[in-house]
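Welcome, and thank you for taking a look at this structure. The report below walks through it one topic at a time.

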Amino acid sequence: MELRFCNPELASLDDLDTEILACTVWTDVRPLHGVAGLCDWRLAGGLSALLRSAFMTGKSGEVVMLPGKPRLTFDKLLVFGAGARSEFGEDAFRKTILHMLDVMDGLGARVAVAELPGRPDELIAAERAADILLASAGRKREHDVWPLVEEPDARKRITQHMIEERRRVRRVI
(Lines give C-alpha, C1' and ligand atoms only; values in the text may rest on other atoms or scores of the structure.)
Protein backbone atom coordinates (compact mmCIF):
# COMPACT_ATOMS: atom_id res chain seq x y z
CA MET A 1 0.00 0.00 0.00
CA GLU A 2 1.24 3.44 -0.90
CA LEU A 3 0.31 6.42 1.24
CA ARG A 4 -0.28 9.83 -0.28
CA PHE A 5 -1.68 12.92 1.35
CA CYS A 6 -4.14 15.73 0.88
CA ASN A 7 -5.07 18.71 3.02
CA PRO A 8 -8.23 18.63 5.17
CA GLU A 9 -9.98 21.24 3.02
CA LEU A 10 -12.82 20.93 0.54
CA ALA A 11 -10.71 22.49 -2.23
CA SER A 12 -8.02 19.82 -1.77
CA LEU A 13 -10.57 17.02 -1.67
CA ASP A 14 -12.22 18.40 -4.82
CA ASP A 15 -8.90 18.05 -6.67
CA LEU A 16 -8.76 14.29 -6.11
CA ASP A 17 -10.16 11.87 -8.65
CA THR A 18 -11.06 8.73 -6.74
CA GLU A 19 -14.23 6.76 -6.30
CA ILE A 20 -14.47 6.70 -2.49
CA LEU A 21 -14.05 9.15 0.37
CA ALA A 22 -14.03 7.52 3.81
CA CYS A 23 -14.40 9.26 7.16
CA THR A 24 -15.61 8.54 10.68
CA VAL A 25 -18.13 9.97 13.11
CA TRP A 26 -18.41 9.66 16.87
CA THR A 27 -21.46 8.73 18.91
CA ASP A 28 -20.80 11.51 21.41
CA VAL A 29 -19.53 14.50 19.38
CA ARG A 30 -21.77 17.01 17.64
CA PRO A 31 -21.49 19.03 15.49
CA LEU A 32 -19.47 16.93 13.08
CA HIS A 33 -15.94 18.03 12.39
CA GLY A 34 -13.02 16.93 10.24
CA VAL A 35 -13.88 15.46 6.84
CA ALA A 36 -17.33 14.44 8.07
CA GLY A 37 -18.02 18.07 8.97
CA LEU A 38 -16.78 19.29 5.58
CA CYS A 39 -18.97 16.75 3.79
CA ASP A 40 -21.93 17.61 6.00
CA TRP A 41 -21.56 21.26 5.02
CA ARG A 42 -21.28 20.39 1.31
CA LEU A 43 -24.29 18.04 1.59
CA ALA A 44 -26.38 20.81 3.20
CA GLY A 45 -26.52 19.09 6.59
CA GLY A 46 -27.34 15.67 5.16
CA LEU A 47 -25.08 13.78 7.58
CA SER A 48 -26.42 15.71 10.55
CA ALA A 49 -29.96 14.88 9.45
CA LEU A 50 -29.09 11.16 9.32
CA LEU A 51 -27.68 11.41 12.85
CA ARG A 52 -30.72 13.29 14.16
CA SER A 53 -33.05 10.67 12.67
CA ALA A 54 -30.91 7.86 14.21
CA PHE A 55 -30.47 6.28 10.76
CA MET A 56 -26.76 6.71 11.52
CA THR A 57 -25.45 6.70 15.09
CA GLY A 58 -21.64 6.57 14.93
CA LYS A 59 -21.50 3.27 16.83
CA SER A 60 -18.40 1.17 16.27
CA GLY A 61 -18.89 -1.23 13.36
CA GLU A 62 -21.47 0.93 11.62
CA VAL A 63 -20.96 2.01 8.01
CA VAL A 64 -23.23 4.12 5.85
CA MET A 65 -22.62 4.57 2.13
CA LEU A 66 -23.99 7.73 0.55
CA PRO A 67 -23.81 9.08 -2.99
CA GLY A 68 -21.21 11.80 -3.19
CA LYS A 69 -22.03 13.30 -6.55
CA PRO A 70 -23.08 15.87 -7.57
CA ARG A 71 -22.15 17.85 -4.43
CA LEU A 72 -18.86 16.02 -3.85
CA THR A 73 -16.36 14.89 -6.47
CA PHE A 74 -16.42 11.32 -5.13
CA ASP A 75 -18.91 8.72 -6.29
CA LYS A 76 -19.33 7.29 -2.80
CA LEU A 77 -19.01 8.68 0.70
CA LEU A 78 -18.43 6.01 3.33
CA VAL A 79 -19.12 7.11 6.88
CA PHE A 80 -17.82 4.71 9.53
CA GLY A 81 -18.86 4.70 13.14
CA ALA A 82 -15.88 5.06 15.48
CA GLY A 83 -17.80 4.71 18.75
CA ALA A 84 -17.49 7.14 21.61
CA ARG A 85 -14.69 9.67 21.34
CA SER A 86 -14.36 9.52 25.12
CA GLU A 87 -13.48 5.79 24.89
CA PHE A 88 -11.25 5.94 21.82
CA GLY A 89 -7.80 4.37 21.94
CA GLU A 90 -5.41 2.28 19.87
CA ASP A 91 -7.61 -0.83 20.03
CA ALA A 92 -10.64 1.11 18.76
CA PHE A 93 -8.47 2.63 16.04
CA ARG A 94 -7.26 -0.80 14.91
CA LYS A 95 -10.79 -2.22 14.94
CA THR A 96 -12.13 0.67 12.85
CA ILE A 97 -9.23 0.44 10.37
CA LEU A 98 -9.81 -3.29 9.89
CA HIS A 99 -13.50 -2.59 9.31
CA MET A 100 -12.65 0.12 6.77
CA LEU A 101 -10.33 -2.27 4.92
CA ASP A 102 -12.95 -5.06 4.95
CA VAL A 103 -15.57 -2.73 3.47
CA MET A 104 -13.12 -1.52 0.80
CA ASP A 105 -12.36 -5.15 -0.06
CA GLY A 106 -16.07 -5.90 -0.33
CA LEU A 107 -16.52 -2.99 -2.70
CA GLY A 108 -13.50 -4.01 -4.75
CA ALA A 109 -11.93 -0.62 -4.10
CA ARG A 110 -8.16 -0.45 -4.34
CA VAL A 111 -7.96 3.33 -3.91
CA ALA A 112 -9.81 5.43 -1.35
CA VAL A 113 -9.25 8.82 0.19
CA ALA A 114 -9.50 8.41 3.95
CA GLU A 115 -9.41 10.43 7.10
CA LEU A 116 -8.19 8.00 9.72
CA PRO A 117 -10.25 7.72 12.91
CA GLY A 118 -9.13 9.99 15.70
CA ARG A 119 -6.59 11.86 13.60
CA PRO A 120 -8.38 15.23 13.36
CA ASP A 121 -8.41 15.29 17.18
CA GLU A 122 -4.85 13.91 17.53
CA LEU A 123 -6.23 11.00 19.58
CA ILE A 124 -3.59 8.78 18.00
CA ALA A 125 -0.20 9.93 16.78
CA ALA A 126 0.12 10.28 13.01
CA GLU A 127 3.12 7.93 12.90
CA ARG A 128 1.38 5.24 14.96
CA ALA A 129 -1.79 5.54 12.87
CA ALA A 130 0.23 5.00 9.67
CA ASP A 131 2.02 1.99 11.20
CA ILE A 132 -1.26 0.35 12.20
CA LEU A 133 -2.85 1.09 8.83
CA LEU A 134 0.06 -0.42 6.90
CA ALA A 135 0.26 -3.47 9.18
CA SER A 136 -3.50 -4.02 8.92
CA ALA A 137 -3.49 -3.59 5.13
CA GLY A 138 -0.76 -6.22 4.91
CA ARG A 139 -3.26 -8.80 6.20
CA LYS A 140 -5.89 -7.86 3.63
CA ARG A 141 -6.28 -7.96 -0.12
CA GLU A 142 -3.85 -5.66 -1.88
CA HIS A 143 -4.76 -2.00 -1.63
CA ASP A 144 -2.88 0.22 -4.03
CA VAL A 145 -3.06 3.79 -2.75
CA TRP A 146 -4.71 5.52 0.17
CA PRO A 147 -4.50 9.29 0.09
CA LEU A 148 -4.77 10.26 3.74
CA VAL A 149 -6.33 13.52 4.83
CA GLU A 150 -3.68 15.06 7.08
CA GLU A 151 -2.38 18.46 8.09
CA PRO A 152 1.05 19.38 6.63
CA ASP A 153 2.88 18.84 9.95
CA ALA A 154 1.47 15.32 10.33
CA ARG A 155 2.32 14.53 6.71
CA LYS A 156 5.95 15.44 7.36
CA ARG A 157 6.04 13.32 10.51
CA ILE A 158 4.55 10.29 8.74
CA THR A 159 6.91 10.64 5.78
CA GLN A 160 9.96 10.98 8.03
CA HIS A 161 8.81 8.01 10.12
CA MET A 162 8.41 5.85 6.99
CA ILE A 163 11.91 6.80 5.81
CA GLU A 164 13.36 5.88 9.21
CA GLU A 165 11.45 2.57 9.23
CA ARG A 166 12.85 1.63 5.78
CA ARG A 167 16.37 2.44 7.00
CA ARG A 168 15.83 0.33 10.11
CA VAL A 169 14.60 -2.62 8.05
CA ARG A 170 17.57 -2.35 5.71
CA ARG A 171 19.99 -2.42 8.67
CA VAL A 172 18.35 -5.57 10.00
CA ILE A 173 18.57 -7.35 6.64
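## Two cis peptide bonds

Let us begin with Pro70, which lies in the loop between E3 and E4. The peptide bond that leads from Lys69 to Pro70 is cis, and its omega is near 15°. Please keep in mind that this is a predicted model.

A cis bond is also found from Arg30 to Pro31, here with omega near 0°. Pro31 sits in the loop between E2 and H2.

## The chain as a whole

Now step back to the full chain, which has six helices and six strands. Following the sequence, you will meet them in the pattern β-α-β-α-α-β-β-α-β-α-β-α. The C-alpha trace spans about 55 × 35 × 30 Å along its principal axes.

How does the radius of gyration of the chain agree with that of a compact globule? For 173 residues, such a globule would have a value near 16 Å, and the chain has 16 Å, so the two agree. Of the 173 residues, 46% count as buried. Among contacts with a separation of 6 or more, 72% come from residues 24 or more positions apart.

The accessible surface amounts to about 8,600 Å², and carbon and sulfur atoms account for 51% of that surface. The chain carries 25 positive and 27 negative charges, and the mean positions of these two sets are 2 Å apart.

## Helix H2 and what follows

Which residues of helix H2 are buried? In this helix, residues 34–42, they are Val35, Ala36, Gly37, Cys39 and Asp40. Their cover includes strand E2 (20–25) and helix H3 (46–52), along with strand E4 (76–81) and strand E6 (145–149).

Just after H2 comes Ala44, with a positive phi of about 55°. Ala44 has this positive phi although it is not a glycine. Its place is in the loop between H2 and H3, and Ala44 counts as exposed because its relative accessible area is 59%.

## Gly81 and Glu62

Gly81 lies in strand E4. Is Gly81 buried or exposed? With a relative accessibility of 2%, Gly81 counts as buried. Setting aside neighbours within four places in sequence, Gly81 is in contact with Val25, Gly58, Lys59, Ser60, Gly61, Glu62 and Thr96. Lys95 is 14 residues away from Gly81 in sequence, and 11 Å separate the two in space, C-alpha to C-alpha.

One of those contacts, Glu62, lies in the loop between H3 and strand E3 (63–67). Glu62 is buried yet has no salt bridge. Where is the nearest side chain of opposite charge? That side chain belongs to Arg30, 7.3 Å away. Besides neighbours within four places in sequence, Glu62 is in contact with Phe55, Met56, Thr57, Val79, Phe80, Gly81 and His99.

## Salt bridges

Side chains of opposite charge can pair when their charged atoms come close. How many salt bridges does a search of the whole structure find? The search finds 13. One of them joins the side chains of Arg42 and Asp14, at 3.0 Å from N to O. This pair links distant parts of the chain, with Arg42 in helix H2 and Asp14 in helix H1 (residues 10–14), 28 residues apart. Asp14 has a relative accessibility of 28%, so Asp14 counts as partly exposed.

The side chains of Glu2 and Arg4 also meet in a salt bridge, at 2.9 Å from N to O. Glu2 is partly exposed at 36% relative accessibility, and Arg4 is partly exposed with a relative accessible area of 44%. Another salt bridge brings together the side chains of Arg94 and Asp91, at 3.8 Å from N to O. These two are three residues apart in helix H4 (residues 90–107), so about one helical turn separates them. Arg94 counts as partly exposed at 24% relative accessibility, whereas Asp91 counts as exposed at 63%. Elsewhere, salt bridges that share partners join Arg119, Glu122, Glu127, Glu150, Asp153 and Arg157 into one network.

## A closer look at Glu122

Glu122 is a member of that network. Its place is in the loop between strand E5 (113–114) and helix H5 (126–138). Glu122 is a residue other than glycine with a positive phi, near 55°. At 46% relative accessibility, Glu122 counts as partly exposed.

How values were computed
Residues numbered from 1 in each chain as written. Predicted model: local features only at pLDDT ≥ 70, side-chain atom pairs only at ≥ 80, totals over all residues. Heavy atoms only, no water. Helix = DSSP H or I, 4+ residues; strand = E, 2+ residues; numbered from the N terminus. Rg over C-alpha atoms; globule rule 2.2 N^0.38 Å. Buried < 20%, exposed > 50% of the residue type's maximum accessible area, 1.4 Å probe, protein only. Contact = heavy atoms within 4.5 Å. Areas by Shrake-Rupley, 256 points an atom, 1.4 Å probe, with all protein chains shown as cover. Lys, Arg positive; Asp, Glu negative; His and termini not counted. Charge placed at Lys NZ, Arg CZ, Asp CG, Glu CD. Salt bridge = Lys/Arg side-chain N within 4 Å of Asp/Glu carboxyl O.
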